[in-house]
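Colleague: Please pick one small part of this structure and look at it closely. Then work outwards from there in plain terms.

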Amino acid sequence: MASFPDSVNENDLGKAKFIGELLVPVAPFDQKSGREAWTVAFAPNGSYFAWSQGHRIVRLIPWTKCLNSFSVDHGEEDTNALSPRHLSRQSSNGGQVVPAADQPPEHTIDCGDIVWGLAFGSSVPEKHSRCVNIEWHRFKFGQDQLLLATGLNNGRIKIWDVYTGKLLLNLMDHTDVVRDLTFAPDGSLMLVSASRDKTLRVWDLKDDGNMVKVLRGHQNWVYCSSFSPDSSILCSVGAGKSVFLWNMDKFTLIRKLEGHHHDVVSCEFSPDGALLATASYDTRVIVWDHHKATILLELGHLFPPPSPIFAGGANDRWVRSVSFCPDGRHIASVTDDRLVRFWSIEERAPLAIASVSNGLCCAFSAQGSVLAAGTRDGSVHFWECPRSIASLQHMCRMALRRVMSTQQVEALAIPALLCDYLTYKVI
């Protein structure tokens, strides 16, 4: 079995440029279990990076500081401001590291239990709470508000103020691990939690964290969920072969996408909302046209690909995570074969690869120039995304697809070739 098809020479693939890492201090008594970085996240405005470094701890670091350190001091661990020794430094004021006068503060947050899910949320004042009967709210979230939601092993969700590191809300309703969290990107502070209790729960933080709805349909653990860019559709995946799509205006199930042969563990929409990428233990990433429930592209990680009966079992190519680059043209995947792959939506072989031991999760920075990957030892590694200039055609396609579904594009009086391009049938 090979990681690449016969037509691809691994030595000819590009090597993604490694730019830095965040390491965790290791005490002699540390056990391997409990140190995992199950999730990494970038703030939507690019101001902060957060990751769960194991043992209940979440670190919040200004992203600009990370970039400056990587570009100036990469490879000089003793002088690197983000070396393991620096990361373990704490002051007496609740674990907060005192920043320079012109820098936002760093925070080390003890969440009280193992952290599985992380998500940043920012507020838009014009987006009001869906609870129209209540005029008074405990929290008045302003335009500069930035929140961090943490999903815990005990089923609780804790909401933190990123700028102060203070706990704002403690949401309690799940009965098992909160595996993943995602905020609606429209600034409404609508939060969705995915749990091992087989449910998704919708929370309205502008209504003081009141729960709006419970979404039921998964027969097993729910691993991941993701909003479409316009916040109208939610995708959820879990311990099963189906991909669930939900209408978030009516909180109803739209459809299930069938095509995977093993548990589906990660999902993310493209920036224009036209495509959906899902990652599975069946060794594949599938890129869907979710409007029509069709498969546009399969990105394989094992060759020859396993038959359905073997894809449903254990193998060393489980895809752990998938992330769509903000440029709409690249996808990253993390797999158990100790590789990170960077893909183009126009190719069936990776553009570039990088080595990572025991990778668990990945996420692109807000601008898409950097990929972060968390590992089982609580550390995070960073690479530059392959760079290329997007064509004017692609930018126009993304602009159009932000506001039009596949069916609406197909109804246009345009040539068939142009229609195929706009609906991504030619990727």
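**A threonine and the sheets along the chain**

Modeller: The side chains of T199 and R201 are joined by a polar contact of 3.3 Å. A polar contact is a pair of N or O atoms within 3.5 Å; within protein, one must be able to donate a hydrogen and the other to accept it, and residues adjacent in sequence count only if both atoms are side-chain atoms. This is a predicted model, in which local features need pLDDT of at least 70 and side-chain atom pairs count only at pLDDT 80 or more, while totals for chains, interfaces and linings use all residues. Residues are numbered from 1 along each chain as its sequence is written, and side-chain values use heavy atoms, with hydrogens and water left out.

T199 also makes a polar contact of 2.7 Å, side chain to side chain, with D197. T199 belongs to strand β13, residues 199-204. Strands (E, at least two residues) and helices (H or I, at least four) are DSSP runs, numbered from the N terminus. T199 has 4% relative accessibility, so it counts as buried. Buried means under 20% relative accessible area, exposed means over 50%, and partly exposed lies in between, with a 1.4 Å probe and protein chains only. Setting aside neighbours within four places in sequence, T199 is in contact with H174, S193, A194, V214, L215, R216 and V222. Contact here means heavy atoms within 4.5 Å.

One of those contacts, V222, leads to the next element, as β15 covers residues 222-227. β15 belongs to an open sheet of four strands in the order β15-β16-β17-β18, with antiparallel pairing. Two strands pair if DSSP finds at least two bridges between them. β15 and β18 (252-258) are at the edges with a single partner strand each, so each has one side without a neighbour in the sheet. From one strand to the next, the twist averages 25 degrees; the axes are lines fitted to C-alpha atoms, for helices over the stretch in contact, and angles run from 0 to 180 degrees between N-to-C directions. β15 and β16 (residues 233-238) run antiparallel and share five bridges. In one of these bridges, S225 has S236 of β16 as its partner.

Further along come strands β19 (residues 264-269) and β20, which run antiparallel and are joined by five bridges. E268 stands opposite A277 in β20. The two strands form a hairpin with six residues between them, and G273 in the turn has a positive phi of about 80 degrees. β20 (residues 276-280) has five of its five residues buried. In a regular strand the side chains alternate between the two faces of the sheet. In β20, L276, T278 and S280 on one side are buried, as are A277 and A279 on the other, so that both faces are covered. β20 then pairs antiparallel with β21 (residues 284-289) over four bridges. T278 has I286 of β21 as its bridge partner. This second hairpin has three residues between its strands, with T283 in the turn at a positive phi of about 80 degrees.

An unreviewed UniProt entry lists "repeat: WD" for several spans, including 257-289 and 319-353. UniProt positions follow the numbering used here, feature names are shortened, and annotations may be inferred rather than shown by experiment. Residues 257-289 are 0% helix and 58% strand, with end C-alpha atoms 10 Å apart. For residues 319-353 the figures are 0% helix and 57% strand, with the end C-alpha atoms 14 Å apart.

Strand β27 (residues 359-364) has six of its six residues buried, so it is largely enclosed by the rest of the structure. β27 is joined to β28 (residues 370-375) by five antiparallel bridges, and G359 stands opposite T375. In their hairpin, with five residues between the strands, G368 has a positive phi near 85 degrees.

Two cysteines complete the picture. The sulfur of C325 has its closest cysteine sulfur in C385, at 4.2 Å, which is too far for a bond. A disulfide is a pair of cysteine sulfur atoms within 2.5 Å, and the count comes to zero disulfides. C325 is buried, at a relative accessible area of 1%, and C385, at 5% relative accessibility, counts as buried too.
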